[in-house]
Structures are given as C-alpha cells and as structure tokens.
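Hi,

Here is the structure I said I would pass on. Have a look at it first, and then read on for what turned up.

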Amino acid sequence: MATAVKNEIEQLDAVIVGAGAAGLYMLHRLRGLGLKTTVIEAGDGVGGTWYWNRYPGARCDVTSVEYSFSFDKQLEQEWNWSEMMAPQPEIERYMNHVADRFDLRRDIRFSTRVTAVNWDDRATAWTVATDRGDRIEARYCIMATGCLSSPLKPDIKGIDSFTGVSVQTSMWPREGIELEGKRVALIGTGSSGVQSTPEIAKVASHLTVFQRTPTYTWPSMNRPLTAEDIAKVKANYEKMRQTQRSSRVGIAGSFGGALLEPPTAKLLDLPEEERRQKLDEHGFAVTRMFADVATDMEANIVAREMYAEMVRRVVTDPATAAALTPSDYPIGCKRAVVDQDYFVTFNRPNVKLVDLRNEPFEEVTEKGIRTSTGEYEFDVIVYATGFDAMTGALLNMNIKGREGRPLAEKWAAGPRNYLGLMAEGFPNLFTITGPGSPSVLSNMLVSIEQHVDWITECLSYLGANGKDVIEPTLEAEDSWVEHVNTVADGTMYTAPSCNSWYLGANVPGKTRQFMPYVGGVGVYRQKCDEVVAKGYDGFVLDTAKEAVAV
Ligand code: N01
C-alpha cells in the first residue's frame, strides 16, 4: 500500500476514487497520458462491486464474455470464462488479473476512504482528503465510485440488539459466514436476496425469507461454457464489441444470452389460446418477449397474469405462491432480477416465506426477529436490503465545488449534470457512469469503457489546446436533465405505481427522480461523440489563470 503523506499536500495530476472496473481502466488510461495519478479505494482489494458482494450465489446477469474489458486484445484472448454468467469469485479473479497484468496496484491506496473533496479556485485543482490523513491536490478528480456501492441498512427497531451474526450481502466478509446447519433469516427480495435464497437454503438448517415486496424474477440461462464456445467468441470479439457499442443496453446477445434489441411482436395481438401455448413453451420468459408489455399497461397486466400463473405452477403451497406474486406494480418498473431456482426453493421443507405486508416487523431482538405474529429465533440475519443507488456514494464524500457549494445542496432535489459526466459548478470533476447516463440500464463494462475513453480524450484535448479547466454550462445541464426525464416519461420505469431504486424510492426522504438515461447505449454514445465533434459543445473550456477570474 502506498504510504500517505501526512500534513503535507501531495501534488498530483489526477485522483481517481474507486478501484472497481472503472477505476482500474481509468488509471490505465491516465498513465497512458503521462498523468501522475492515484486511486483511492476503501476495500483492501480491487473489483468494486465484485469485491464487496461476496454473498452466496452472487453472479453477474450479463454474459461473462460480454461483461469484460475490450481495450486490450491480448487480455481478451488470454482470459477464459468458465460459465455463461460468471460467479462473483471469477469476476473478482478477473479484476485482480487486470490489476496485475497492467501493474496497477502500485498507484492504488487500499483501505482508504475519501472524507472530503474541495475545489480550490486559486489552485485550479481539487483537494482530496482521506481518513488516513492524505491531502492531495490534483487538477482532475474522477469518481469511479460505482452506482450500487452505498449499502442501506434498514431502520428496524432494535437492529443492533441481535446477539447472533448480522451481515449485509453487500459487505460479506472475505472469510465467509458459517451458514451450515444454522437458522438463517434473510431480509430483502431484490437481486441479492433472490440470488442468495437458493444457496442459503441448500446449507442452512432453516431459512426464513422476510419479503416486503414480491419480485419479478426470470430464470437464468446460465450454463458452463465449452471450449467451442470460447473459441467462437475469441474469433469474433471485435464484431461483438462493435455490436455492443451501438446496441440498446450494451449487449450483443452472445449465446442468445440477452435481449439484443427490444422485441417487436405484441402480446395483445395474440388470441388467448396462443398466449397459453406461448406460456407452456417459454414459461416465465414469455412475459419479456413482447413489445407492448413495456409500453402498454393493458398488455402489462395480461403479462402479469401469465407471470402469476407460472409462479403457481412452480410453488406448491398456494398461499406462498400468492405471496410471492407481484401484483401492484408493472413488469419493467424495476431492474429485472435473474435467478437460479428461486421459486422452487420455497417448496423445500426448510424454507419459509414471511410476508411482511401481512405480518410487519416489530423489532429485532437479542434472539431473532419479532413480527406482529410472534418471535422467530435465528443464528444469522442476512440483510439484502439494497443501496442508496447512483448518488449515495458521491454524496457521502462531502464534495464541494466552486465557492464551497456542496454537491449535496446542488442535488438536493435530485441529481443534475450534463451527459451524466460532469456537473456545473464542479469543474474537472468527472463521474464514470453517473446519474443521467445509461449506467445501470446497460452492460456496465461497456458503459464504463465508453466514459473512461471519453474522459481520456477530453483530458488529452485540454492538454493539446492549452486548457486546464472544463465545466458544463448551466443551460447544457438543464437541457440534458430535461432530456433524461423526457425519455423516461411514459415508460414502465416511471409508472405512478412504480417504486424502484432507479427512482430513489427505496431511500427514505430521497427525491423521486428517474436517475439513469433510458435512451440507449448506442444513442447515448452518439450524443457524447457529437458533443466532442462540436468542440465540447455545452462545456466551457478555460485556462487556469482565466478560471481564477470566473
Ligand atoms: O437491492 P434491492 P439488491 N424491511 O434494492 C427490501 C444489482 N445487483 O441488493 O422492495 C424489509 O433491489 C426491499 O423491499 P422493498 C441490481 O442492479 C445485480 O437486491 O423496498 N425489507 C427489497 O426487497 C439490483 O437491482 C446483481 O419493499 C426491506 C430488498 O430489500 C441492485 O443491485 C445481483 C427493508 C432490496 O432490494 C440492487 O439489488 C445483485 C426493510 N426495512 C445486485 N428495506 C446481478 O448482477 C429494504 N428491504 C444479478
């Protein structure tokens, strides 16, 4: 680990916060520009999401070969993925391989948290402070802090009084948690809860899943990759990458693993009998095969009925099946969950579902959890309760821009920025996959690479043109925010009955605003490229001296 320089201000060109995929690639590119750069990382290893989320069953739902870096052809050829959807340990190994292969660790400060980030107009630089006493002055600051990296622990009475083991899925210890033969409670049924349920059920003596809102989840198409699969992908990487970059969600559909483009057929056009045939043929997947499910509430309601029937077909206890079936929000409102054997797990004799809508929490006790109907005793409580998504990590860092204005103040009524990349009043501060960009609606690796490449080109342009400062105009920012909202309006994402973390609805007091850009990866890339082609349209580029006078 690099030793922090205490009580002295270290002078660097750039600070990157976060050593996940975004931070690693950004460091590699900034080195290429010759910039003296450091990465600050709270964990003691690289990988970001894939470092922290080690819970049983953690797995990416994007095809492994597509959820990988494209920037180095040799890296593509030398790495072999073992499964169609990679499990967490494999992705973490990949991130470590990238860090070693490009000798990145020597510029990463591990186990270090950023505590303050202040813009200094006189120095035309950011001052970054850490909990280890670092004070670094750098012209550029790049937030590679991830979209789902600020874990939420629920506000349940007595939460700290439990004497057994409490653990969050997003802060799962490296050494693991002893679950074999234990009585386990799992709170939360989003992606993390749904993925961990079958795995915990296999080893625990008993698993009780506490569900507040049932989830739409679709069976994973995961399978081991064969030597033939790998050879085919390796021969076609370039074409696949091109397709990803111009696609809707950054996925080329390798092995038929994901939706390349939206479907066009309409569910409402099918007579009842054909709908039933499709249901028999495709199961849960049928509810994602029709265009109007995403756009027409009537079709969505029909799809929901089909979904409910599938749950009833799998889950043998009718009351449990009913409780597991979402009924009050549309398909497509929340992030699609992908599972391996989720519903069938509720047929196991050692698994019980507690529907918190009928039986709310009263408190966490020394021995377990008390609901309105009684006390359950546990050895382990697992919290799969989600994240303060997209803005949480950024706002936790105490970022202050021009004239000391806190980012938290600027974003009090929701995030505002230009292209999801930069905010007015916060010069030279970049957010990789920030709110207002496709980010969580896309294959993150594709969106990360696009942003890192854009930022690298931008810094290179500034250098080549004798400029030191870049900042979006308020007008450009306002019109981008309006555009982001306009394209989201009328989609299932923003339906009045939808309460998702995309909207900030999972965080008490957070302003309801749809945060990612729904316009598509290809369209978004084009817009970013056009801005560059027009000489950084919507940005003001300045020299350090002039910037002082602003
Ligand atoms: O979090 P979530 P997550 N009492 O917010 C419940 C990505 N990801 O970590 O819906 C009781 O989705 C909450 O209930 P409700 C992916 O983008 C990807 O699972 O608010 N329950 C909900 O059920 C995903 O969307 C992968 O009523 C409480 C759950 O906790 C995102 O991360 C894998 C509660 C939180 O679900 C977040 O997923 C994992 C309370 N007080 C994650 N508070 C893959 O690549 C919260 N809940 C596959």
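The largest cavity has a volume of about 70 Å³. This is a predicted model, by the way, so please read everything below as computed from its coordinates. Around that largest cavity you will find P415, R416, N417, P435, G436, W480, V481, V484, N485, Q513, F514 and M515. Sorted by type, its lining comes out as seven nonpolar residues, four polar ones and one charged.

The second largest cavity holds about 50 Å³ of space. Its lining consists of M143, T145, G146, M390, L394, T431, I432, T433, G434 and P435. Here the split is five nonpolar, five polar and no charged residues. P435 turns up in the lining of the largest cavity and also in that of the second largest. In total, the model has five cavities of 30 Å³ or more.

On to the cysteines. How many disulfides does the count come to? Just one disulfide: C333 and C498 are paired, with 2.2 Å between their sulfur atoms. The link between C333 and C498 is right-handed, with 80° about the S-S bond. It ties together distant parts of the chain, 165 residues apart. C333 sits in the loop between α10 (318-324) and β11 (337-339), while C498 belongs to the loop between α15 (474-488) and α16 (521-533). Both ends are out of reach of solvent by the numbers: C333 is buried at a relative accessible area of 0%, and C498 is buried at 0% too.

Why is C147 not in a disulfide with C60? The sulfur of C60 is the closest cysteine sulfur to that of C147, but the two are 13 Å apart, which is too far for a bond. C147 itself counts as buried, at 6% relative accessibility. C528 is in no disulfide either, as the nearest cysteine sulfur, in C458, is 11 Å away. With 0% relative accessibility, C528 is buried as well.

Next, the packing. The largest nonpolar core has 127 residues, and the ones with the most contacts inside it are L419, F430, W454 and F539. Helix α14 (residues 444-464) supplies the largest share of this core, nine residues. The core also takes at least three residues from each of domain 1 and domain 2.

Those domains are worth marking up in your viewer. Domain 1 is made of several segments (10-46 + 104-150 + 389-466 + 516-538), and domain 2 covers 257-333. Taken over C-alpha atoms, the centres of domain 1 and domain 2 are 39 Å apart.

One last residue to look up is D537. Where is D537 found? D537 is in the loop between α16 and β20 (539-542). Is D537 buried or partly exposed? At 38% relative accessibility, D537 counts as partly exposed. D537 and S439 are 98 residues apart along the chain, and their C-alpha atoms are separated by 22 Å.

That is the lot from me. Happy to go through any of it with you.

Cheers

Definitions and conventions. Residues are numbered from 1 along each chain as its sequence is written. This is a predicted model: local features need pLDDT of at least 70, side-chain atom pairs count only at pLDDT 80 or more; totals for chains, interfaces and linings use all residues. Side-chain values use heavy atoms; hydrogens and water are left out. A disulfide is a pair of cysteine sulfur atoms within 2.5 Å. Helices (H or I, at least four residues) and strands (E, at least two) are DSSP runs, numbered from the N terminus. Buried means under 20% relative accessible area, exposed over 50%, partly exposed in between (1.4 Å probe, protein chains only). On a 1 Å grid over the protein atoms alone, a cavity is a set of points where a 1.4 Å probe fits but cannot get out, and a pocket is an open set with protein on both sides within 12 Å along at least five of seven lines; lining residues have an atom within 4 Å of a point. Grid points are joined across faces, edges and corners, and a volume is the space filled by probe spheres set on the points. Ala, Val, Leu, Ile, Met, Phe, Trp, Tyr, Cys and Pro count as nonpolar, Asp, Glu, Lys and Arg as charged, and the others, Gly among them, as polar. A nonpolar core is a set of buried Ala, Val, Leu, Ile, Met, Phe, Trp, Tyr and Cys residues joined through side-chain atoms within 4.5 Å. Domain bounds come from an automatic or database domain assignment.
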